[in-house]
Structures are given as C-alpha cells and as structure tokens.
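Thanks, everyone; I would like to spend a few minutes on how the parts of this model meet. Please have a look at the structure first, and then we will go through the contacts one by one.

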Amino acid sequence: MRSCLPDYELVAPANLREALALMAGEPGAWKPFAGGTDLMVLLEAGKLPHKRFLSLWHLRELKGIEVSPTAVTLGALTTYTEVLRHPVLQQEFPCLCQGARETGGVATQNRGTLGGNIANASPAADSPPALLVYDAELELVSATGSRWVPYRGFHSSYKQMDLRPNELIARIRLPRVGRPRRHYYRKVGTRKAQAISKVVFAGVAEVEGGVVRDVRIALGSVAPTVLRCAKTEAVLRGHPTVESTVAAAQAALAGEIAPIDDFRSTAKYRRRVSLNLLAVFLQSCLGTVEQGPGPEPWYGA
Amino acid sequence: MCDERHKVNVTCRVNGREYTLCVFPLMRLLDVLREELRLTGTKEGCGEGECGACSVLIDGELVNSCLVPALQVNGAEITTIEGIADGDRLHTVQEAFIEAGGAQCGICTPGMILAAVSLLGRMPEPSEEDMRAGLAGNLCRCTGYMKIFEAVARVCQKTGTKVNA
Ligand SMILES: Cc1cc2nc3c(=O)[nH]c(=O)nc-3n(C[C@H](O)[C@H](O)[C@H](O)COP(=O)(O)OP(=O)(O)OC[C@H]3O[C@@H](n4cnc5c(N)ncnc54)[C@H](O)[C@@H]3O)c2cc1C
Ligand code: FES
Ligand code: FES
C-alpha cells in the first residue's frame, strides 16, 4: 500500500553546516535523502518507516570529483552518470565505471548517488565491490568534525555500518596507484540493465612476468555484506597464475563466501559463478582474456 | 501562501512556463505533473523506477518522475512530452516514431521518446549498442523494440547532426 504523504517531512537545508546542525540537534530524528532512488521505491511501497528527511541533493559541499596527484576524491552526491563521464576514473578506476554503467538505466544513473549506494548498505549493490578493490576511504562528517575511515570494514553486518546517527557520508577517496594494474569487473544478473546482481565480482591485480605481485578481490551478493576476500588474495599474492594457484584460490574463495538461496538466485549457482569469475579474472591477469565481460559463466550442474 | 501542515511551496518551470505549487514535499513529480498540472502525457507504469513510462527531463537530464520528490525540483526546468513539439510541428523524434511505427498501445511512448531525445542530445550518432543502453530503462510490452530502434535511427539519418530537446 502507498504511504500517506502528509505523514512525511522533507526539508532542504541551505548548506552542509545547516544540515549537520539539524542532525546534531535531534540525533536520529532526521535521515538523509539524496537522489531518492532507494527511498522513493520504499515510500511508494508503503515501507518507509522513518518520517523526517533532509534533502542533500542541492548541497554543493557534497558534489564534485577532485583529482590530486595521490587520490581522486568524489563527493557523496556523485551520480553514476558523473562517474561514467570522468576521464581519470575511466582510466584508473574502470571497475567503478563499469559498475556505474551497469547500474539501473540512464534515468537511475542520473539520480542515484555513490553515497546513497553505500549507505543503503545492500550486500547486492554494484559499486561497493569496486570501491573495496580500490581501497576506498570514506569521510564521515558531523557538526563536531570529520573522520576518515577505510571503506573496508565499514559494513559490520547485514545493513549495519559504522555511521553514527548525526553523521553523513561526505566524500569517498580513491588512492591513485600510479602503476599499471589489471582490472576486472563482472555483474551477473538476469539482464544487462535494470537488474539486481545475482553475483558481482571486482578484481585488480599487479602482475609481473606471470606472477601476482599484488591483488584485491571483492564480491557482492555472496554474504551478508559486500566482501573483500583477504584470504583468497593471500593465496594468490607472490604466486604465478598457474592452474594450481587458481585451484587453491578457488578453494580459499569457497571458504570465504557464504551465499544464500533467495528469490534472485540460489546459493549453489552463486558459489559456482563466484569461483568461475575468479578463474576468468586470473586468466585475464595473464592477458589471455580481455578485461570486461569475458566468456559466459559455467551453467552446468 | 502554503500553510497546510507539512506542505511546501515549490517553484519550477515546466515546458517553459513557471509554476508555484503548494504540495507535500515527498509528492512524486509524476503526480505533480499529472494531478496538479494536468499534464497527463507522462504515464505511470510501475511506480518504482523500473519501466521508464514516467520519464521526463530535469535540467536536460533524463529521470524517472515517479522517483523524484516535488521538493527536489524547486528551481528546476522540467520538460515533459507535452513540451517537445514546437507548436503544431512535431519534434523530429515524434515524427520518426510515427513513421517507423514505434508506438502501439502508447503507454511507453512518451517516456521512450524523452529517453531518445536525451540520448540523441548526448550522442547525435549513437551506435546500436548506445541506443540499447540509452533506452534500456524504458520497457515496452508491445513493439518488441525493433521499430523503436528504427525510429531513433531514422532521426539520425534525417538530421545528420544534433537533435535538440
Ligand atoms: C530502477 C532501479 C534500478 C537500480 N539498479 C541498481 C543496480 O543495478 N545496482 C545497485 O547497486 N543499485 C541499484 N539501484 C538502487 C539505487 O539506485 C542505488 O542504491 C543508489 O546509489 C542510491 O542512491 P540515492 O542517492 O538515490 O539514495 P537515496 O534513496 O537518497 O538514499 C539511500 C540510503 O542512503 C542514505 N544516504 C544517502 N546519502 C547519504 C549520505 N551522503 N550519507 C549518509 N547516508 C546517506 C539514505 O538515508 C538512505 O538510507 C536501483 C534503483 C532503481 C530504482
Ligand atoms: S512509473 Fe516510473 S519508472 Fe515505471
Ligand atoms: S507501445 Fe505499448 S508498451 Fe510500448
């Protein structure tokens, strides 16, 4: 059933300071409202229990993409469209761009924000695996100050995160590495656009002479939160990408993920696809497979 | 004045005309257009961002009006299907949809046309893949899409260059 509109408030603070002051004045009373692509769906379904919202959409302090020699810093209100159009992100953080391209359709990409995607805290969200493999850091701000935290570890359990009721996500910082890396991103859903992931995989690696110097792997839709797969990475680091390493890494990954059956897919399918995508990623590190969609996953029993 | 509890004033331009409305801040732009302004060309399909029937342009960018709260269009310039023709002269995209048979029941058509206008504004010569990506958020239960793509391709052939919103 649809929600009763007179029950809801949405106010537009003039600037970030005013927004934070409102949040500090009544902790927990005001919830942020960015592009609304998650919140409006809940409103329409009559599933938006919270009643008072602060519109962030016009706050300049939370917009824009800044490039410095050491990092790219994105305002929390950065939309998928802005991510897609940014030349430095295309060049150095292609997994994030690929995730943005495969999120919803154009209209959703024009309104959906990275801050909203993070704070919505869905384990099936598409940009978090990319943010995890790029070692993103988040700036959390409140009326009393700001703190930077690694994005890795931000989601503590299903829909839980290290964000206080008086805090907003202000910015997302991606360190620039300056060395060539292999990037692989693959979202597996029912169709290319407008579909939520059954499995989403992101990986970056530095490979030298067939040996994995450094590697980062993250998956979505396979655990209660998006997951950085440290154990799998450890198995790979310093090893050549030969068949036995791939098998050992797959075994490690199988132990790290905990997929479930739900209306979108089954645990079995998710597990199989995750291991296949890891193999495709590792092949792509050797240069035998182009970065991008790669071959179709394995569909057998 | 707007003094009903929790209602707010919202001022925006729709198809070139300025309006000041007194509405609930979370009222969907879709309902503002259809109920308050009686611009019923914008359709509702799903009401949850999936189908694109409610697509309009805000400051030139394609959005699903079912997901935009009224408060957030304060100060914005909105273009709906009613606003793209030039008086009696149809927009080239509208003409192309007629010529190619790109509409059947018509429910998806206003949104589809705005998505096409937005695509051609960004990319005057889209590849087939660009077309598919540009219209991927707009679902059609009737045409099977081929005639819609044909319509978009026709516009490109006709104008050769940029198509304006
Ligand atoms: C048709 C459709 C398709 C979609 N497809 C995808 C998809 O393919 N992949 C995907 O991952 N998602 C998808 N989504 C979900 C959604 O678009 C994204 O999660 C989007 O990034 C949310 O951003 P928003 O600004 O719209 O968030 P909002 O709806 O405004 O907010 C979402 C949550 O984040 C909180 N929040 C927002 N900004 C901040 C901030 N700066 N600080 C703290 N909290 C904040 C809000 O309080 C709320 O809890 C889809 C949605 C729709 C409607
Ligand atoms: S009615 Fe808005 S997207 Fe379907
Ligand atoms: S013409 Fe009927 S839905 Fe497209």
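Between the two chains, 31 residues of chain B are in contact with 31 residues of chain A, and I should say straight away that this is a predicted model. The area buried between chain B and chain A comes to about 2,600 Å², with carbon and sulfur atoms giving 58% of that area. Of what chain B buries against chain A, 29% is supplied by B:Leu26, B:Leu67 and B:Gln72, which is more than any other three residues supply.

Turning to the polar side of this interface, there are three salt bridges between chain B and chain A, and a salt bridge joins the side chains of A:Arg2 and B:Asp31, at 3.1 Å from N to O. Eight residue pairs are in polar contact across the interface of chain B and chain A, both residues being at pLDDT 80 or more. On the side of chain B that touches chain A, 15 residues are nonpolar, eight are polar and eight are charged.

Now to a contact inside chain A, between domain 1 (5–55) and domain 2 (60–175). Twelve residues from domain 1 of chain A and 16 residues from domain 2 of chain A take part. Here the buried area is about 1,200 Å², and carbon and sulfur atoms give 70% of it. A:Leu16, A:Leu20 and A:Met23 supply 40% of the area that domain 1 buries against domain 2, more than any other three residues. Between these two domains of chain A the count of salt bridges is zero, while three residue pairs are in polar contact, both residues at pLDDT 80 or more.

Technical notes:
Residues are numbered from 1 along each chain as its sequence is written. Chains are lettered from A and ligands numbered from 1 in the order in which they are written. Side-chain values use heavy atoms; hydrogens and water are left out. Contact means heavy atoms within 4.5 Å. Buried area is the accessible area (1.4 Å probe) that two parts lose on being put together, summed over both. A salt bridge is a side-chain nitrogen of Lys or Arg within 4 Å of a carboxyl oxygen of Asp or Glu. A polar contact is a pair of N or O atoms within 3.5 Å; within protein, one must be able to donate a hydrogen and the other to accept it, and residues adjacent in sequence count only if both atoms are side-chain atoms. Ala, Val, Leu, Ile, Met, Phe, Trp, Tyr, Cys and Pro count as nonpolar, Asp, Glu, Lys and Arg as charged, and the others, Gly among them, as polar. Domain bounds come from an automatic or database domain assignment.
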